[in-house]
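Colleague: I want to learn how to read the way two helices pack. Can you take me through a case?

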Amino acid sequence: MFAIRLINLIESRADKLSEGLLSKLEKAPQCRELMKRVPKEEVRRRTFEIYHNLTDWLLSKTEAEIEERYIGLGMRRARQAVPFSAFLWAVGCTKEHLWEFLEAEGMLEQPLELFGELGLAHSMARFFDHLLYSASIGYEAIRQEEAQRLQEHYAAVS
């Protein structure tokens, strides 16, 4: 019952959540390229979709449906030349913003045991988000070095 109340609260405030997230993404240096390359309205629409349809995403959608949607989104962002690290950071911000909203609404205060478990889960999720973000920067750095080496090689051959 508690989880359903949380989801209903999130879905009913999807506009407020997506606007707040959009503001955070615009200010985050890690998302500079994403916000420069993706129209603001598209970012707003995507975040609203996640928050407003959370019940569907968590309970109704199959793994294949989720993969189809987000592989497509990943391909779209790649075509828009959004660095993967910026995309990854934005997804982490989407999740973090949701937690902050629930904390501000006082939904994570009772009961104490639940709060402790959620706090642990939240901390672990943040750790892995940061781990993935950091790893993606390393991945991009290697790819940039490889591209630079190829460019230098072809310049020398020409």
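Modeller: Start with helix 2 and helix 7 in this predicted model. The two are oblique to each other.

Colleague: At what angle do the axes of helix 2 and helix 7 cross?

Modeller: Angles over 145 degrees count as roughly antiparallel, and 65 to 115 as roughly perpendicular. Here the axes cross at roughly 130 degrees. That is why helix 2 and helix 7 are called oblique. Their axes come within 10 Å. Helix 2 covers residues 14-27, and helix 7 covers residues 84-104.

Colleague: Is the crossing of helix 2 and helix 7 left-handed or right-handed?

Modeller: Helix 2 passes helix 7 in a right-handed crossing.

Colleague: Which residues make the contact?

Modeller: Helix 2 gives Lys16, Leu17, Gly20, Leu21, Lys24 and Leu25. Helix 7 gives Ala90, Cys93, Thr94, His97, Leu98, Glu100 and Phe101.

Colleague: How many of the residues in this contact are nonpolar, polar and charged?

Modeller: Seven are nonpolar, three are polar and three are charged. Gly counts as polar in this scheme.

Colleague: Now the whole chain. How many helices and strands does the protein chain have?

Modeller: It has eight helices and zero strands. From the N terminus, the order reads α-α-α-α-α-α-α-α.

Colleague: What share of the residues is buried?

Modeller: Buried means under 20% relative accessible area. Of the 158 residues in the protein chain, 31% are buried. The accessible surface comes to about 10,500 Å², and 60% of that surface belongs to carbon and sulfur atoms.

Colleague: And contacts along the sequence?

Modeller: Take the contacts with a separation of 6 or more. Residues 24 or more positions apart account for 76% of them.

Note on methods:
Residues numbered from 1 in each chain as written. Predicted model: local features only at pLDDT ≥ 70, side-chain atom pairs only at ≥ 80, totals over all residues. Heavy atoms only, no water. Axes fitted to C-alpha atoms, helices over the stretch in contact; angles between N-to-C directions. Helix = DSSP H or I, 4+ residues; strand = E, 2+ residues; numbered from the N terminus. Parallel < 35°, antiparallel > 145°, perpendicular 65-115°, else oblique. Left-handed = near helix turned anticlockwise from the far one by under 90°. Contact = heavy atoms within 4.5 Å. Buried < 20%, exposed > 50% of the residue type's maximum accessible area, 1.4 Å probe, protein only. Areas by Shrake-Rupley, 256 points an atom, 1.4 Å probe, with all protein chains shown as cover.
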